[in-house]
Amino acid sequence: MDQINVIPFIDIMLVLLAIVLTTATFISEGRLEIRLPESKEQAQQDAERRLEIAIDADGNLYVDAEPLSLEQLTSQLDGLSSDTPVVLRVDAATRFDRFVAIIDELKARQLERLSILTQRS
């Protein structure tokens, strides 16, 4: 036997590729389960470095998927320049006062490059 049959190896690699591609789409969405509100129009997202703030249905606050309190967020916002893009992901079931508190903190620091993520309806 002079040759190796590579067909089974190709089959295995295609199955592994399919598994990787299906799990990669779940990873890119993030680990936090946040049900975004719906809107008819969506803005384009910038590819540059941005700060992502998320609020889940229970009102817990996360910055770049790390849990923080509001006081820790304010200290982290103090170190940002005013042209830093901020992405806000808020669960549709979150109390509105929690959303307003975050917006107030961003306004106080002139962080006006704000995007609010929604789902297209």
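**Exercise 1. Determine what share of the residues in the protein is buried, and set this beside its surface and its contacts.**

Solution. Buried residues, meaning those under 20% relative accessible area, as against exposed ones over 50% and partly exposed ones in between (1.4 Å probe, protein chains only), make up 26% of the 121 residues in the protein. This is a predicted model, in which local features need pLDDT of at least 70 and side-chain atom pairs count only at pLDDT 80 or more, while totals for chains, interfaces and linings use all residues. Residues are numbered from 1 along each chain as its sequence is written, and side-chain values use heavy atoms, with hydrogens and water left out. The accessible surface comes to about 9,000 Å², of which 55% belongs to carbon and sulfur atoms; such areas come from the Shrake-Rupley method with a 1.4 Å probe, and for residues only the protein chains shown count as cover. As for contacts (heavy atoms within 4.5 Å), of those between residues at least 6 apart in sequence, 75% join residues at least 24 apart.

**Exercise 2. State the order of the elements from the N terminus on.**

Solution. Helices (H or I, at least four residues) and strands (E, at least two) are taken as DSSP runs, numbered from the N terminus. The protein has three helices and seven strands, and their order is α-β-β-β-β-α-β-α-β-β.

**Exercise 3. Work out how the buried residues of helix 3 are arranged, and which elements they pack against.**

Solution. First, helix 3 spans residues 96-108 and reaches 18 Å from its first C-alpha to its last, close to the 18 Å expected, where the expected span is 1.5 Å times one less than the number of residues. Next, its buried residues are Phe-99, Ile-102, Ile-103, Glu-105 and Leu-106. Seen down the helix axis, these fall within an arc of 160°, so they line one face; the arc is that of the directions from the axis to the C-beta atoms. The face turned away from this buried side carries the exposed residues Phe-96, Lys-107 and Ala-108. Finally, the buried residues pack against strand 2 (51-55), strand 3 (61-63), helix 2 (70-78), strand 5 (86-90) and strand 6 (114-116).

**Exercise 4. Describe the surroundings of Ala-57.**

Solution. Ala-57 is found in the loop between strand 2 and strand 3, and at 38% relative accessibility it counts as partly exposed. Not counting residues up to four places away in sequence, Ala-57 touches Asp-91, Ala-93 and Thr-94. Ala-57 and Ala-93 are 36 residues apart in sequence, yet 5.2 Å apart in space, C-alpha to C-alpha.
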